[in-house]
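Open the model in your viewer and keep the selection tool at hand. This tour goes stop by stop, telling you what to select and what is there.

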Amino acid sequence: MLVMLLSVGIVLAACGGKESSNSNSNASKLDQIKDRGKLVAGVKYDVNLFGLKDPKSGDVKGYDIDLMKALAKHIFGKDKKIDDILELKQVNSKTRMELVSSGDIDLASATATITEEREQTVDFGNVYFIAGQSLLVPKDSKIKSVDDLGKDTVVISVKGSTSEQNIKEAAPDAKVTLFDDYAQAFTALKSGKGDVLTTDNAILMGMHKQDPDYVLTGGLFTDEPYGMIFNQDDDEFREYVNDFLNDMKESGELAKIYKKWFGEEPPEDILKENTMLK
């Protein structure tokens, strides 16, 4: 009899465990995060101002990091210790969408441009940063816009980038000199090997912060709206984060974080509806 009761108990326990597992798998992403007690966010570790790891302390800091910290506090409460409720995972441009789709991370906030092609495999939230290609020049440069780039101008860019193609279309008479990476390109600008460096304004902002003697000029001549990445099954969580960002804008907290990293007030229309969402 004892053996029979134990067997029944084991079977019931197993059934209970399966039911709990199914219930959890059917829960919304937000409920899964709350049940887990921690938000798992994908961020970059190598982009100054957005997500950059300090090699000495190991801390990752930037605009995206502060937004993920604020989101975790929004979900779990401001009295919680951030290390208990937020886990950051490093992503790059190749892995960020795969990790969201596989469920390894709940979302990614990682300088991702919203495109129709990417919307085929993941969903993007509303626009939270308006990026675009711009120009970086020495403070005393006479270059004020892309219209000033003529045949006597040497433009520095990076091999294989969209910036290279864009600048050749925007300033066809200018000479374009290419380098392997942005560190080399910035060093070349500072050593006088070119008149202007061009790429995404978010990257240029990081260079300006590194050396304030170089400034952005000419505004943006391409449009690259950044959006956070979500799994296509997580509509409720995506809208929850969109509402969270709207609340941050209304309270002034978003402007505070933006100004902390970029040294200026955010554009009034920094949060825009993602019109490419299927």
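## Stop 1: Helix 3

Select residues 63-76, which make up helix 3. Helix 3 has 14 residues, so at 1.5 Å a residue a span of 20 Å is expected; the end C-alpha atoms are 20 Å apart, which agrees. Keep in mind that this is a predicted model.

Now look at what surrounds the helix. Helix 3 is mostly covered, with 10 of its 14 residues buried. Colour the buried ones: Tyr 63, Asp 64, Ile 65, Asp 66, Leu 67, Met 68, Leu 71, Ala 72, Ile 75 and Phe 76. An α-helix has 3.6 residues a turn, so residues three or four places apart point the same way.

Step past the end of the helix. Gly 77 follows helix 3, and its phi is positive, near 110 degrees.

## Stop 2: The second largest pocket

Stay with helix 3 and add helix 9 (235-251) to the selection. These are the elements that give two or more residues to the lining of the second largest pocket. The pocket has a volume of about 290 Å³.

Which residues line the second largest pocket? Select Lys 69, Ala 70, Lys 73, His 74, Lys 78, Ile 82, Phe 244, Asp 247, Met 248, Ser 251 and Glu 253. By class, the lining has 4 nonpolar, 2 polar and 5 charged residues.

## Stop 3: The whole chain

Zoom out and switch to a cartoon view. The chain holds 10 helices and 13 strands. It has 278 residues, and 44% of them count as buried. Turn on contacts next. Among those between residues at least 6 apart in sequence, 68% join residues at least 24 apart.

## Stop 4: Strand 1 and its partners

Select residues 39-43, strand 1. How many of its residues are buried? The count is 5 of 5, and the strand is mostly covered.

Show the side chains, and Gly 42 with them. In a regular strand the side chains alternate between the two faces of the sheet. Leu 39, Ala 41 and Val 43 point one way from strand 1, while Val 40 and Gly 42 point the other way.

Add strand 5 (residues 86-90), which runs parallel to strand 1 and is joined to it by 5 bridges. Centre on Gly 42: opposite it in strand 5 stands Lys 89.

Then add strand 6. Strand 1 pairs with strand 6 in the parallel sense too, over 2 bridges. Here Ala 41 stands opposite Leu 107.

## Stop 5: Strands 7 and 13

Select strand 7 and strand 13 together. They pair in the antiparallel sense over 6 bridges. Find Ile 130; Pro 225 in strand 13 stands opposite. Strand 13 has 7 of its 7 residues buried, so it is largely enclosed by the rest of the structure.

## Stop 6: A sheet of three strands

Move to strands 2, 3 and 4. These 3 strands form an open sheet in the order 2-3-4, with antiparallel pairing. Which are the edge strands? Strand 2 and strand 4 (60-61) are, as each pairs on one side only.

Strand 2 and strand 3 are joined by 2 bridges. Pick Val 47, whose bridge partner in strand 3 is Gly 51.

Now select the loop between strand 2 (46-47) and strand 3 (51-53), where Leu 49 is found. Most residues other than glycine have a negative phi. Leu 49 has a positive one, near 85 degrees. Is Leu 49 buried or exposed? Its relative accessible area is 2%, so Leu 49 is buried.

Thr 111 is another residue to check, in the loop between strand 6 (107-108) and strand 7 (123-131). Thr 111 is not a glycine, yet its phi is positive at about 45 degrees. With a relative accessibility of 11%, Thr 111 counts as buried.

## Stop 7: The largest pocket

Finish with the largest pocket, which holds about 900 Å³ of space. Its lining counts 33 residues; Lys 44, Val 47, Tyr 182, Asp 200 and Ile 203 lie nearest its centre. Select those five to centre the view.

Then colour the contributing elements. Strand 2, helix 6 (162-170), helix 7 (182-190), strand 11 (196-200), helix 8 (201-210) and strand 13 (224-230) each give two or more residues to the lining. Colour by class last: the lining divides into 10 nonpolar, 14 polar and 9 charged residues.

Conventions:
Residues are numbered from 1 along each chain as its sequence is written. This is a predicted model: local features need pLDDT of at least 70, side-chain atom pairs count only at pLDDT 80 or more; totals for chains, interfaces and linings use all residues. Side-chain values use heavy atoms; hydrogens and water are left out. Helices (H or I, at least four residues) and strands (E, at least two) are DSSP runs, numbered from the N terminus. Buried means under 20% relative accessible area, exposed over 50%, partly exposed in between (1.4 Å probe, protein chains only). Two strands pair if DSSP finds at least two bridges between them. The expected span of a helix is 1.5 Å times one less than its number of residues. On a 1 Å grid over the protein atoms alone, a cavity is a set of points where a 1.4 Å probe fits but cannot get out, and a pocket is an open set with protein on both sides within 12 Å along at least five of seven lines; lining residues have an atom within 4 Å of a point. Grid points are joined across faces, edges and corners, and a volume is the space filled by probe spheres set on the points. Ala, Val, Leu, Ile, Met, Phe, Trp, Tyr, Cys and Pro count as nonpolar, Asp, Glu, Lys and Arg as charged, and the others, Gly among them, as polar. Contact means heavy atoms within 4.5 Å.
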